[in-house]
Amino acid sequence: MAALALGLAGTAAIVVPAVTAEANTADLVVDYACQQGIATSGSGTVHLRTKLTVPTTLNVGDPLNVSWKLGYKDATRLGAPALLPNGGRVEVTGRVNLSGSWIGQLQPKGFVDQPGAMVKGTPLKLPEGIADFAYTDREGTLTVKPGKLFIDFRPPASEVVVNDDDPRISYGPGWEDLNDQPSQNNDNHLDLHRTTAKDAWASFTFTGTGIDYIAQRDQRAGPVDIYVDNEPGTPPRVDPSRNEDGTVVNDANKGGQTLWKFRGLKFGEHTISVKNVEDDKWGQLDAFRVVTRELANPPQEYRATCEIVSAPVAVQVKIGGGGDNPASPSPDSSPDTSPSASASASVSPSASPTDENPGDESPSPSPSATPSPSPSASPSPAAAQTQNYVVTAVVTQGSPSPTATRTVTLTATPSVAQVAITPQGGAQTGEAPERVSFSGMLLIGSGGALLLIGMLSGVALLRRRAAHSGERG
């Protein structure tokens, strides 16, 4: 197959299929190494093999669709960053740099939800693909070049109760573990921890944005001091022997009560500690409730940054002025697992990562695509065609490309008459030819001239006969 080799100076080339009616896309196989964030909580350094599909020929007005298949290259995996009973979401954002006819950047995006509960380090699924597009509004040649990938983890909003016997809760000396409590006490899991020793403490490290302290209200209980991240809580002390209005309770063993709560923590890892204040008074712990609010952006500390480790690659896109629209890219459903294949980009690995996009060292947590302006109609002198495109950018969930709806409206602007005009007097008109009138004097003069010519011709003929007869005599 004829092929056009494109590449960057001093780097390995990629192979782009020759443009035909059936082949008008290029597939770039690019390898990445991911570090930090959810890479650290997984394998440390995670290796990806991706395939970027780019059209090589377009007409003005066609959207430039870029789709990116994602997959793990080997056994390394991204890992869950914490204990997450309700799963979470992996979000991937890429960088595709455009240069040539115009300069810009596409930011393909995609996400996939992680099903079920996870502990720290649980392997994470990647979305099958990410995608973005830009409008083409003029002819020219673009160079499309992949850059970094950024992989974020977004925990869901949740409230999770952690029982007093959870191994993540640490207890100092002086605590008693009471199991099989009467059901009417309403203790969580029918058990709790209790102490009567002054300064007996318990602590719990959690990940979230809020925390509740749950224990019994009881007239035999005493005050408890609370600390968050080694600082006094707000309020710093709670007394389970009193009601919220300060009056003494008449209750005994009234379990399952939320005695203290705090919201507004920055999402991340925090530690709560409780300490019994008085001797011979009950300090109790039934459970903690960990709260995570809905987050506007994924936590920055969970972000993994992926650098290209194969040789940098690029592809040229030719944008023409019209004609038949090439077929849209239709990439395979999964990334190539071999370094090279026919009709695909062949990428040679490099020993060291190469930053193909120096401008994205500090990307925003939720980057957004900046497509080019919508195309404007440019009718030709002949019949004009007005094309209207409605392209919807879709954050892809396991799908490699956005949904595009194309509406074409033809507006007739003929350059010749729509009905052929037959001259008057034609066979199909039923009309007589136009009469032409001539001057009478002109007719008389013409007749006289013809008569004179005839007479002179007769005289000349008689003379020639007479001369001929004389010669014979």
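On the surface of this predicted model, four acidic residues, Asp 199, Glu 278, Asp 279 and Asp 280, come together as a patch of negative charge. If you would like a starting point for looking around the structure, Glu 278 is a handy one. This residue sits in the loop that links strand 19 (254-276) to strand 20 (283-285). Is Glu 278 buried or exposed? The answer lies in between: its relative accessible area is 35%, so Glu 278 counts as partly exposed.

Trp 102 makes a useful second stop. Its place is the loop between strand 7 (88-100) and strand 8 (104-106). Trp 102 counts as buried because its relative accessibility is 10%, and the cut-off for buried is under 20%. Along the chain, Trp 102 and Thr 143 are 41 residues apart, while their C-alpha atoms are separated by 9.3 Å.

Here are the two loop residues side by side:

| Residue | Relative accessible area | Class |
|---|---|---|
| Glu 278 | 35% | partly exposed |
| Trp 102 | 10% | buried |

Now for the protein as a whole. What does its secondary structure contain? There is 1 helix, along with 26 strands. The protein has 473 residues, and 42% of them count as buried. Its accessible surface comes to about 24800 Å², with 53% of that belonging to carbon and sulfur atoms.

Finally, a word on contacts. Taking those between residues at least 6 apart in sequence, 78% join residues at least 24 apart. The pair Trp 102 and Thr 143 shows a separation of 41 residues along the chain.

Conventions: Residues are numbered from 1 along each chain as its sequence is written. This is a predicted model: local features need pLDDT of at least 70, side-chain atom pairs count only at pLDDT 80 or more; totals for chains, interfaces and linings use all residues. Side-chain values use heavy atoms; hydrogens and water are left out. Patches are made of residues with over 30% relative accessible area and no salt bridge: like charges are joined within 9 Å, nonpolar side chains (Val, Leu, Ile, Met, Phe, Trp, Tyr) within 5 Å. Accessible areas come from the Shrake-Rupley method with a 1.4 Å probe; for residues, only the protein chains shown count as cover. A salt bridge is a side-chain nitrogen of Lys or Arg within 4 Å of a carboxyl oxygen of Asp or Glu. Lys and Arg count as positive and Asp and Glu as negative; His and the chain ends are not counted. The place of a charge is taken as NZ of Lys, CZ of Arg, CG of Asp or CD of Glu. Helices (H or I, at least four residues) and strands (E, at least two) are DSSP runs, numbered from the N terminus. Buried means under 20% relative accessible area, exposed over 50%, partly exposed in between (1.4 Å probe, protein chains only). Contact means heavy atoms within 4.5 Å.
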